[in-house]
Amino acid sequence: MRFLPVRDDALLIELDDLESTLALFDSLSSDPVTGTGELIPGARTLLVFYRPSAVTPEQIVRAARSRDLGGRVAGEGTLIEIPVTYDGEDLDEVADLLGISAAEVVRLHTGHEYAVGFTGFAPGFAYLSGGHPALDVPRRSSPRTRIPAGSVALAGTFSGVYPRESPGGWQLIGTTEARMWDLSRDRPALLLPGDRVRFTDVSGRPVPRSVPRTVPVPTAETVAGPAAETEVSHGVEVLTPGLLTLLQDLGRPGYASMGVSSSGALDAVSLREANRLVGNATRVACLELTFGGLRLRSRGEQVVAVAGAPAPLSVITPADADGRGARTRSVGFGQPFALADGEELVVGAPTTGIRSYLAVRGGFALAPVLGSLSTDVLAGLGPDPVIAGTVLPVAVPSRGIAAVALPGPAAGAVGSAVETSAEVVLDVVLGPRTDWFSSDAVASLTGQSWLVSARSNRVGLRLEGDSLTRVVDAELPSEGTVSGAIQIPPNGQPVLFLADHPLTGGYPVIGAVATHHLPLAGQLPPGARIRFRPVGPFAEYSADVTEVQP
């Protein structure tokens, strides 16, 4: 085993193969190490999150090395049959790559039983192993920007089914009408780790009625159904949504087995601050405003606060029935204020940073999706982006809640520190694949100023600068990733993952932004410049390190 740093609260355990990885995953899941959190298996790695205050990396190393990896018995999971029409546009190309006929590709694909090794990339996307060893094909040299839902594909020795329309680089050999992901089911993911899978050829034949057919991925609105607009007497009505306004809370951890990443607010510090200002629990969902521009009308009396990227706030009081008395007043940013029934709040463009968080006392009375109201733009989970005309019901607290006016900017409130013209320094933990790059590449990562591209979003910041050179050209088997990971694609231009990043990735990660600077990364606008500051040299973890006793 190798034990590689990932972030200041995560490490990556590298093993020999998928079987060993799943055996360790089973062991650490059934008998967890105190202080460890979610586990994300990859093709031959296990990503382990932990609480630094409760356990050290060296303790995790010793615990992992002591586990017996020989007791896992394959083939005990549920057998799920997936009907496939073998009409994929890459089927003939795959046959040519393997030197066999298309019919032989189909025979090999349907002739062996697969096992779900791990999940990732998107909710419901399962990496299936154990097929015929001859079915070993590379990913496409140029990924597609759009792959239809239900596409059956190959990459390396893995097979998989795309649960929803998305970009991707796997070789397409067929299609299925089976629903890989459906929030209306008790188990949304059709395939979970440990399940067995057999593909059946139904080309030219009708799909059996027992097979759940492919449907659009449900959102909070299709699952729960919003209250009709006329029914909401206590809430807020969005008049102008601004560039992008989303519901966000602290995310939905705990669903990695279904391929679901946590998502959540990009600046969690500011979200917590906004909630404290109105007296909510810090985990309650807020509106995340990108570049401001929001205008809303209060239905009933509300207590509101805005934190994060500072922006001008004004309240418009409507005229009375005779058209008299209309007025506008300014209200303080970072302070709780009241909205009377019918009053409108206008949030201007932030002066620094890009994301502001609007909290309403009581929180939004909407049904969560997998325990969260966060909108994951990559996975398509959670409520749709807020649009003009959206009415958001607000819960009425059962008792009075004291709002908390913080004395000045909260510690860690970083929105005001981000300016387009300023160079922002982010602390970075080197690893886990720093040794896949030349020493010059590591020096280049930390020695230059990177430009945040306009193509950035909640999935990640695309950075522009001098390309980083790899010294290991092999294809990296898919492995777990974290928010803040600095992934290097073939063009050598880094992508800094944010909250809506894929659960697993296939490009090497040279380092990751330390957790205390993740909110700062979430406030960086296009045009900002970043300089990475390593918190220490890249080094593998060892169980031999002497621990300091308290």
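Start by selecting Gly506 and whatever surrounds it: leaving out residues up to four places away in sequence, Gly506 touches Leu476, Ser478 and Gln487. Keep in mind as you click around that this is a predicted model. Gly506 sits in the loop that joins strand S31 (504-505) to strand S32 (509-513). Is Gly506 buried or exposed? Neither, quite: its relative accessibility is 26%, so it counts as partly exposed. Add Pro489 to the selection too; that residue is 17 places from Gly506 in sequence, and their C-alpha atoms are 8.8 Å apart in space.

Now zoom out for a moment. The protein has 550 residues, and 55% of them count as buried. Colour by secondary structure and you should find eight helices and 33 strands. Among contacts with a separation of 6 or more, 75% are between residues 24 or more positions apart. About 22,600 Å² of the protein is exposed, with 52% of that coming from carbon and sulfur atoms.

Next, head for the largest nonpolar core. It has 40 residues, and those touching the most other members are Leu426, Leu496, Ile530 and Phe532. Pick Leu426 and show its contacts: beyond four places in sequence, they include Leu496, Val513, His517, Leu520, Ile530 and Phe532. There is also a second, separate core, this one with 26 residues, including Tyr86, Leu91, Leu154 and Leu190.

Leu91 is a handy stepping stone, as helix H3 covers residues 91-98 and packs against helix H4, residues 102-110. Select both helices. Their axes are 8 Å apart and meet at an angle of about 90 degrees, so H3 and H4 are roughly perpendicular to each other. On the H3 side the contact is made by Leu91, Asp92, Val94 and Ala95, and on the H4 side by Ala102, Val105 and Val106. By class, that contact has six nonpolar residues, one charged and no polar ones.

Stay on H4 and highlight its buried residues: Val105, Val106, Leu108, His109 and Thr110. What do they pack against? Besides H3, the partners are strands S6 (114-119), S9 (151-155), S10 (158-161), S12 and S13.

Follow S12 (171-175) to its end and you reach Thr176, in the loop leading to S13 (196-201). Thr176 is buried, with a relative accessible area of 6%. Show Val84 as well: it is 92 residues from Thr176 in sequence, yet the two C-alpha atoms are 4.7 Å apart.

Helix H6, residues 268-278, comes next. Eight of its 11 residues are buried, so H6 is largely enclosed by the rest of the structure. To see them, select Ala268, Ser270, Leu271, Glu273, Ala274, Asn275, Leu277 and Val278. These residues pack against strands S15 (244-248), S16 (286-290), S18 (302-308) and S23. Just after the helix, look at Gly279, which takes a positive phi of about 85 degrees.

For the last stop, use S23 (355-360) as your guide: the loop between it and S24 (391-393) holds Thr375. Thr375 is buried, with a relative accessible area of 4%. Which residues is Thr375 in contact with, leaving aside neighbours within four places in sequence? Turn on Leu246, Leu247, Gln248, Ser263, Leu381, Gly382, Pro383, Arg458 and Asp500 to see them.

Key:
Residues numbered from 1 in each chain as written. Predicted model: local features only at pLDDT ≥ 70, side-chain atom pairs only at ≥ 80, totals over all residues. Heavy atoms only, no water. Helix = DSSP H or I, 4+ residues; strand = E, 2+ residues; numbered from the N terminus. Buried < 20%, exposed > 50% of the residue type's maximum accessible area, 1.4 Å probe, protein only. Contact = heavy atoms within 4.5 Å. Areas by Shrake-Rupley, 256 points an atom, 1.4 Å probe, with all protein chains shown as cover. Axes fitted to C-alpha atoms, helices over the stretch in contact; angles between N-to-C directions. Parallel < 35°, antiparallel > 145°, perpendicular 65-115°, else oblique. Nonpolar A, V, L, I, M, F, W, Y, C, P; charged D, E, K, R; others polar. Core = buried A, V, L, I, M, F, W, Y, C linked by side-chain atoms within 4.5 Å.
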